[in-house]
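Work through the exercises below with the structure at hand. Try each task before you read its solution.

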Amino acid sequence: MNSLQLVLLLLAAAVLVVTLFRRLGLPPILGYLLVGVLIGPHALNFIKDVSGAEHLAEFGVVFLMFSIGLEFSLPKLYAMKRVVFGLGLMQVLLTIVLAVGLSVGTGLGWQAGVALGGVFAMSSTAVLSKLLAERLELESPHGRDVIGVLLFQDLAVVPLLILIPAFSRPPGEMALEIAWAMGKAAVVLSLVLFLGQKLMRRWFYIVARGKSAELFMLNVLLITLGLAHITEMAGLSLALGAFVAGMLISETEYRYQVEEDIKPFRDVLMGLFFVTVGMLLDVGAVLDYLPWVLLALAILLLGKFGLIAALSRSFGATPGNAMRVGLWLCAGGEFGFVLLTEISASSLVPEAVLQVVLTALVLSLLLAPLIVLYSDKLVLRFAASEWLMRSMELTKIAAQTMSTEKHAIICGFGRSGQYLARFLSRENISYVALDLDPERVREAAAAGETVVYGDAARRETLVAAGVSRASVVIVSFANTIAAEKVLHHVQELRPDLPVVVRTIDESDMDTLSRAGAAEVVPESLEASIMLASHALVLLGVPMNRVLKMIRDIRGQRYRLLRGFFHGLSDRDSDLSETQQFRLHSVALGAGAYAVGRSLEELNLAYFGVEISAVRRRDIRALEPLPETRFREGDVVVLLGSVASLEAAELRLLKG
């Protein structure tokens with residue numbers, strides 16, 4: 001198979017399998033591993049010699065380590081030093097110590113123990129950081145601990161990549177090899193810290209002045225691969241050079257642009273790397289050693305969970321949060337596979353042990369999202385103090401809201417939530433904000449804001465926040481999954497309570513509307529409206545025409561802004577043509593003609609009237625279906641002109 005055929009085969013298999021895994025909600029890493037298993041020498045044997053694929057896959061590790069280097073920020077590490085160099089350091093060291101003890105006891109030797117301990121110490125940065133972001137738990141106490149430990153694990157890969165190749169040397173040469181490698185690495189890092197960043201900033205400035213995206217991308221590739229090659233020539237690994245390149249750029253103003261430019265290369269080549277890891281897996285051997293695989297999996301998950309939970313508790317975490325940190329971090333990670341390839345190349349462990357460890361890692365990665373999904377239930381089941389902590393949290397929320405009535409519940413007190421709170425305060429509307437960032441809650445509460453720590457996606461939190469007495473719920477964070485949970489609980493507790501939801505764009509509008517949102521506000525639409533309005537004014541379009549255009553667009557887009565309920569103080573002569581339409585509520589009492597009839601039968605569209613909402617005791621539907629039948633007690637909210645509203649009301653009540 002020539003190079004082109006090899007690449008085409010890998011691409012075709014990866015596209016098909018990863019697409020399937022994404023649809024199933026499984027990590028793409030597992031899809032790449034499965035591709036490697038299927039096409040490798042131990043299964044369908046499409047690729048008999050994996051050396052060509054492994055050579056390409058090396059670049060995947062290079063770009064992954066480059067990305068880790070970009071995340072290496074000295075101020076960030078200093079801010080999290082207690083977690084990173086306390087909890088993270090102890091977790092990696094103790095995992096290696098335990099692995100060395102087990103390895104020596106089974107006759108594998110301490111070198112294999114250090115290498116395998118490094119493999120087992122790793123957790124998946126890609127999977128866990130994504131799950132934390134999706135669950136809005138990045139700033140929670142356990143979320144910060146998880147991120148801190150993951151950061152140290154990523155950094156620990158660098159010395160492990162230096163040590164593992166040296167372990168294959170004879171005992172007499174090993175110490176010299178390790179000392180020499182560490183000395184060279186120290187020199188390289190010292191040069192980077194003292195000289196490299198200034199030179200890199202100046203060089204990138206020169207390149208950026210060319211204002212060419214192509215030139216900028218070529219420069220990033222040159223720096224990454226060039227430094228990787230230099231460290232390889234010095235007898236160190238390619239990955240270390242890439243890590244150093246990332247460190248050089250991390251403190252410059254070009255970091256984020258570089259990160260975006262490098263991402264496609266990293267993701268594609270990392271996928272190829274995991275394919276080559278999958279090629280190492282021998283399914284036949286795994287079945288032969290299945291009891292050992294299950295034992296290794298149990299040792300990995302249970303041992304790592306117990307160790308991390310105990311360490312987290314000793315560092316001051318509550319029992320519940322300590323259990324959460326242990327559950328989140330107990331599975332293996334992608335850097336475990338990186339280290340396994342080094343172990344395989346150095347022949348540190350027998351092939352049977354390599355197969356058992358590799359399979360246990362794959363299974364743990366498959367179980368990681370499920371463990372995270374049920375982590376809260378497990379904590380509540382086994383942490384006796386968690387119920388008390390949860391009760392105290394809810395009691396505090398209830399105490400804040402006990403005296404409030406007809407208030408707004410703001411879910412999320414980030415930038416959008418805080419701006420919203422200011423608008424409400426100006427109109428003397430009371431509110432209660434729920435947020436999961438303890439530092440933000442502490443500072444805002446000290447400043448007099450009505451904000452409490454609580455997860456708005458939990459039913460009991462909404463109850464404590466006074467959802468039964470509230471006038472509106474506003475989801476100020478742009479997270480569809482969490483917003484759907486909020487909507488589900490509100491529909492169960494108060495189906496008549498309107499919920500306004502923020503979203504990034506219009507792709508999730510239908511989903512959120514079906515879930516019960518009274519209105520969905522897409523950021524992209526609002527940004528476009530404001531950009532257009534400012535541009536039109538600057539182009540000389542009269543302000544009144546611009547304001548009229550904005551009203552028209554918002555009136556067409558947001559149903560709740562189309563018309564309003566008129567009072568005695570409203571005069572039609574003061575309103576523009578688009579605002580002549582008004583809202584009018586019609587209550588269907590006993591004997592009303594519409595009771596028992598469907599919208600289709602009533603044909604209110606004939607009168608030029610639109611159904612804005614139907615309010616019922618047990619449901620609230622903004623867009624009733626044609627087959628929806630009215631019941632006694634329903635309140636029908638109509639939108640139309642004065643004459644059409646009168647005719648429609650007569651139709652509803654008299655027929």
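The exercises go from the whole chain to a helix pair and then to single residues.

**Exercise 1. The chain as a whole**

Task: State how many helices and strands the chain has, and what share of its residues count as buried.

Solution:
- Start with the source: this is a predicted model.
- Count the elements. The chain has 28 helices and 10 strands.
- Turn to burial. Of the 655 residues, 48% count as buried.
- Look at the surface. The accessible surface comes to about 32,400 Å², and 63% of that belongs to carbon and sulfur atoms.
- Check the contacts. Take those between residues at least 6 apart in sequence: 71% of them join residues at least 24 apart.

**Exercise 2. Two helices that cross**

Task: Find how the axes of helix H2 and helix H12 cross, and which residues meet there.

Solution:
- Locate the pair. H2 covers residues 28-39, and H12 covers residues 255-280.
- Take the distance and angle. The axes come within 6 Å and cross at roughly 45°.
- Classify the angle. Angles under 35 degrees count as roughly parallel, and 65 to 115 as roughly perpendicular. H2 and H12 are therefore oblique to each other.
- Add the hand. The crossing of H2 and H12 is right-handed.
- List the residues. From H2 come Ile29, Tyr32, Leu33, Val35, Gly36, Val37 and Ile39. They meet Asp267, Gly271, Phe274, Val275, Val277, Gly278 and Met279 of H12.
- Sort the residues of this contact. Ten are nonpolar, three are polar and one is charged.

**Exercise 3. Gln111: buried or exposed?**

Task: Place Gln111 in the chain, then decide on its burial.

Solution:
- Find the element. Gln111 belongs to helix H6, residues 110-121.
- Read the area. The relative accessible area of Gln111 is 19%.
- Apply the cut-off. Buried means under 20%, so Gln111 is buried.
- Look for partners. Beyond its neighbours within four places in sequence, Gln111 is in contact with Phe167 and Met174.

**Exercise 4. Two positive phi values**

Task: Say where Ser347 lies, where Asn428 is found, and what phi each has.

Solution:
- Recall the background. Most residues other than glycine have a negative phi.
- Take Ser347. Its phi is positive, about 55°, although Ser347 is not a glycine. Ser347 sits in the loop between helix H16 (334-346) and helix H17 (351-373).
- Take Asn428. Its phi is also positive, near 55°. Asn428 sits in the loop between helix H20 (415-426) and strand E2 (431-435).
- Check exposure. Exposed means over 50%. Ser347, at 59% relative accessibility, counts as exposed. Asn428 is exposed too, with a relative accessible area of 74%.

Technical notes: Residues are numbered from 1 along each chain as its sequence is written. This is a predicted model: local features need pLDDT of at least 70, side-chain atom pairs count only at pLDDT 80 or more; totals for chains, interfaces and linings use all residues. Side-chain values use heavy atoms; hydrogens and water are left out. Axes are lines fitted to C-alpha atoms, for helices over the stretch in contact, and angles run from 0 to 180 degrees between N-to-C directions. Helices (H or I, at least four residues) and strands (E, at least two) are DSSP runs, numbered from the N terminus. Angles under 35 degrees count as roughly parallel, over 145 as roughly antiparallel, 65 to 115 as roughly perpendicular and the rest as oblique. A crossing is left-handed if the near helix is turned anticlockwise from the far one by less than a right angle, and right-handed if clockwise. Contact means heavy atoms within 4.5 Å. Ala, Val, Leu, Ile, Met, Phe, Trp, Tyr, Cys and Pro count as nonpolar, Asp, Glu, Lys and Arg as charged, and the others, Gly among them, as polar. Buried means under 20% relative accessible area, exposed over 50%, partly exposed in between (1.4 Å probe, protein chains only). Accessible areas come from the Shrake-Rupley method with a 1.4 Å probe; for residues, only the protein chains shown count as cover.
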